[in-house]
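User: I have a model open and a few short questions about its helices and some side chains. Can we go through them one by one?

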Amino acid sequence: MDLSEVFQWVFLSVDVGGVVVAGVLGGMVARERRFDLVGFVALALMAALGGGMLRDVLLQSGPPVALTNPYYLGGAVLGAVVAFLLPLRGKWWHRFFILADAFVLGAWSATGTIKTVELGFGIGPAMLLGVITGVGGGMIRDIAVGRTPAIFGGNTLYATGALAATIPAMALWHAGHPSLALIAATLVGGIVCTAARWYKWRLPLNDDYSLGRTYRQVRASFEEYTRMREAGLLRRPRTEAVEIRARHSRRRRGRGLGRGRSR
């Protein structure tokens with residue numbers, strides 16, 4: 001057995017191991033929702049195989065690998081059974097699944113990217129399908145249980161880690177090192193996702209931002225600036241400008257009191 005065959009077996013082991021982990025994570029969601037065994041298996045299949053099957057359907061390069069290799073279906077079902085039989089609670093289980101999920105995300109992003117460029121597609125499609133391979137299963141799982149997919153925001157970086165993993169995968173594949181491409185992408189994706197969990201990195205949210213609102217704010221600030229310039233306040237020291245404003249305010253109040261007395 002030469003080095004390439006050894007690498008293929010190692011890659012298959014890692015990939016199927018990732019399927020088992022994703023199946024367990026899907027089963028844990030089913031446990032939270034109090035599903036039966038069918039629900040466990042269904043969510044495990046979606047979470048573990050959804051991204052890869054979606055990628056293969058979009059590439060139209062033959063049947064999805066999840067349907068041609070029995071290890072993938074078997075691994076997903078095994079993950080569902082493990083989640084059904086074992087509660088898998090506690091701090092150490094939680095940490096293990098965070099690490100495993102992060103590095104599986106990097107590996108799957110790499111496989112999606114490499115498979116796309118091998119079929120002759122460009123950089124943009126390769127990055128897109130790499131991210132879909134990494135996060136598509138979790139997105140389908142969340143939609144199936146009626147909740148907003150976690151990758152859409154409000155949590156630590158996930159899709160960003162998958163996107164980061166596609167960069168070394170493409171670079172090293174074009175350099176003629178597909179084995180290093182898979183290893184480097186797995187490490188990059190896993191480290192980015194794990195660091196995001198540890199340091200609570202998040203992307204900025206849209207807090208009711210719009211171009212129209214920004215334009216109105218800028219216009220109001222410009223009108224205020226114009227009034228101050230016409231009043232000569234901008235050419236005076238700051239303290240003097242404050243005194244002038246206070247003097248004008250006292251005069252207006254004085255006029256109001258005078259009108260009140262005359263009545």
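User: What span does helix H8 reach from its first C-alpha to its last?

Analyst: This is a predicted model: local features need pLDDT of at least 70, side-chain atom pairs count only at pLDDT 80 or more, and totals for chains, interfaces and linings use all residues. Residues are numbered from 1 along each chain as its sequence is written, and side-chain values use heavy atoms, with hydrogens and water left out. Helices are DSSP runs of H or I, at least four residues, numbered from the N terminus. H8 covers residues 178-199, 22 in total. At 1.5 Å times one less than its number of residues, 32 Å is expected, and H8 comes close to that with 31 Å.

User: Is Leu172 of helix H7 buried or exposed, and what is its relative accessible area?

Analyst: Leu172 sits in H7, residues 159-174. Buried means under 20% relative accessible area, exposed over 50%, partly exposed in between (1.4 Å probe, protein chains only). Leu172 is partly exposed because its relative accessible area is 24%.

User: Which side chain makes a polar contact with that of Asp15?

Analyst: Asp15 lies in helix H1, residues 3-32. A polar contact is a pair of N or O atoms within 3.5 Å; within protein, one must be able to donate a hydrogen and the other to accept it, and residues adjacent in sequence count only if both atoms are side-chain atoms. At 2.6 Å, the partner of Asp15 is Tyr72.

User: Which residue just after H8 takes a positive phi?

Analyst: H8 ends at residue 199. The phi is about 60°, and the residue is Lys200.

Conventions
Helix = DSSP H or I, 4+ residues; strand = E, 2+ residues; numbered from the N terminus.
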